[in-house]
Amino acid sequence: MTRLLLTTAVASVLALTGCIDVTVSSPAYATSSQQSLQGGDFTAVLDEAGDFRLTGADVRVSGEVAGRLRVSAAEFIAREFHAGAVSVTAADISFSGDVDGPVTLTASDVSWRGSIGQAAEIRAADLHFDGRVSGRFSAQVADAELSGAFADIEISAADLKLARNAQVDGDMYVNAADFELDGQVDGQLDLSARTAWLNGDLAVPMVLNVDPGRGRLSAEDGLVELNGDSVGGTICARRVVIRGQVNGPLEVMADSPPELLNGARAQDITFTARNGQRCERTS
């Protein structure tokens with residue numbers, strides 16, 4: 001079944017499988033084939049058993065694609081959508097729904113709410129993610145805020161925040177300028193950053209390299225704050241402040257010994273003066 005509801009344009013319709021309702025809202029066109037829909041600005045309700053492709057300017061969809069949905073658009077908005085897999089290239093992406101398989105997103109701004117059954121790979125300037133990812137979550141972003149449940153995370157960012165309700169069951173490998181953790185990481189946190197605030201909890205020993213670099217430094221450059229519960233590990237930084245509880249051996253290389261404030265507790269701290277040595281990953 002095919003129904004096209006036209007507002008300002010004439011649409012050309014070819015044979016279709018499944019069921020698609022389309023509203024064309026720009027003086028452009030909408031052409032359909034058995035596995036694709038392309039046009040200017042349009043809204044579509046999809047019900048497709050296989051793979052499907054969308055190409056347009058402002059594209060809004062709901063419904064379901066049982067196979068892989070591929071999208072190329074200026075703006076892509078999906079509401080309460082279900083797909084087998086998703087690949088989107090757009091300027092702005094806003095998605096709510098569930099995807100059974102992998103997800104690949106490339107955009108300027110990404111807002112995601114929903115579950116991903118396999119791996120997720122995202123390249124964006126701004127990312128707001130709230131959902132569940134069963135596979136590895138990989139991202140290269142400028143600014144990101146993550147909430148929800150994750151298996152493993154590998155991410156490079158300028159500013160990165162894990163919200164209070166974020167739970168990482170596996171390991172987290174991070175390159176960031178400013179990093180803030182309010183949630184929980186059950187695997188190892190391996191972090192390279194300029195500044196780190198760890199307000200949440202870590203379940204296994206951490207590896208932190210927080211190097212301010214060279215040149216003029218602010219008070220926060222090279223700072224690590226441990227404000228939650230952790231089990232020790234290794235830290236290389238300019239300055240380390242502990243306000244939480246450290247329940248295992250902690251090796252610190254810094255410009256000065258760690259500062260324990262506000263009733264902080266640490267069982268076993270080994271301090272080594274950094275003496276200008278760079279903080280770098282060994283692997």
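Here are a few friendly notes on the disulfide and the aromatic rings of this predicted model.

1. Let's start with the cysteines. How many disulfides does the structure hold? There is one, formed by cysteine 236 and cysteine 279, with sulfur atoms 2.0 Å apart. Cysteine 236 sits in strand 23 (residues 233-237) and cysteine 279 in the segment after strand 27 (265-273), so the bond ties together parts that are 43 residues apart in sequence.

2. Now look along the S-S bond of cysteine 236 and cysteine 279. The torsion there is about -70°, so this disulfide is left-handed.

3. Are these two cysteines buried or exposed? Cysteine 236 counts as buried because its relative accessibility is 8%, under the 20% cut-off. Cysteine 279 is buried too, at 7%.

4. Next, the aromatic rings. Searching the whole structure gives six aromatic pairs. One of them joins phenylalanine 95 and tryptophan 112: the ring centres are 4.0 Å apart and the planes differ by 5°, a stacked pair. Phenylalanine 95 belongs to strand 10 (residues 92-99) and tryptophan 112 to strand 12 (residues 109-116), so this pair links parts of the chain 17 residues apart.

5. Phenylalanine 95 is buried at 2% relative accessibility, and tryptophan 112 is buried with a relative accessible area of 2%. For a contrasting geometry, try phenylalanine 137 and phenylalanine 150: their centres are 5.3 Å apart with planes at 75°, so the pair is edge-to-face. Both phenylalanine 137 and phenylalanine 150 are buried.

6. Finally, which residues form one aromatic cluster? They are Phe81, Phe95, Trp112, Phe129, Phe137 and Phe150.

Definitions and conventions: Residues numbered from 1 in each chain as written. Predicted model: local features only at pLDDT ≥ 70, side-chain atom pairs only at ≥ 80, totals over all residues. Heavy atoms only, no water. Disulfide = S-S within 2.5 Å. Helix = DSSP H or I, 4+ residues; strand = E, 2+ residues; numbered from the N terminus. Buried < 20%, exposed > 50% of the residue type's maximum accessible area, 1.4 Å probe, protein only. Phe/Tyr/Trp six-rings, centres within 6.5 Å; stacked < 30°, edge-to-face > 60°.
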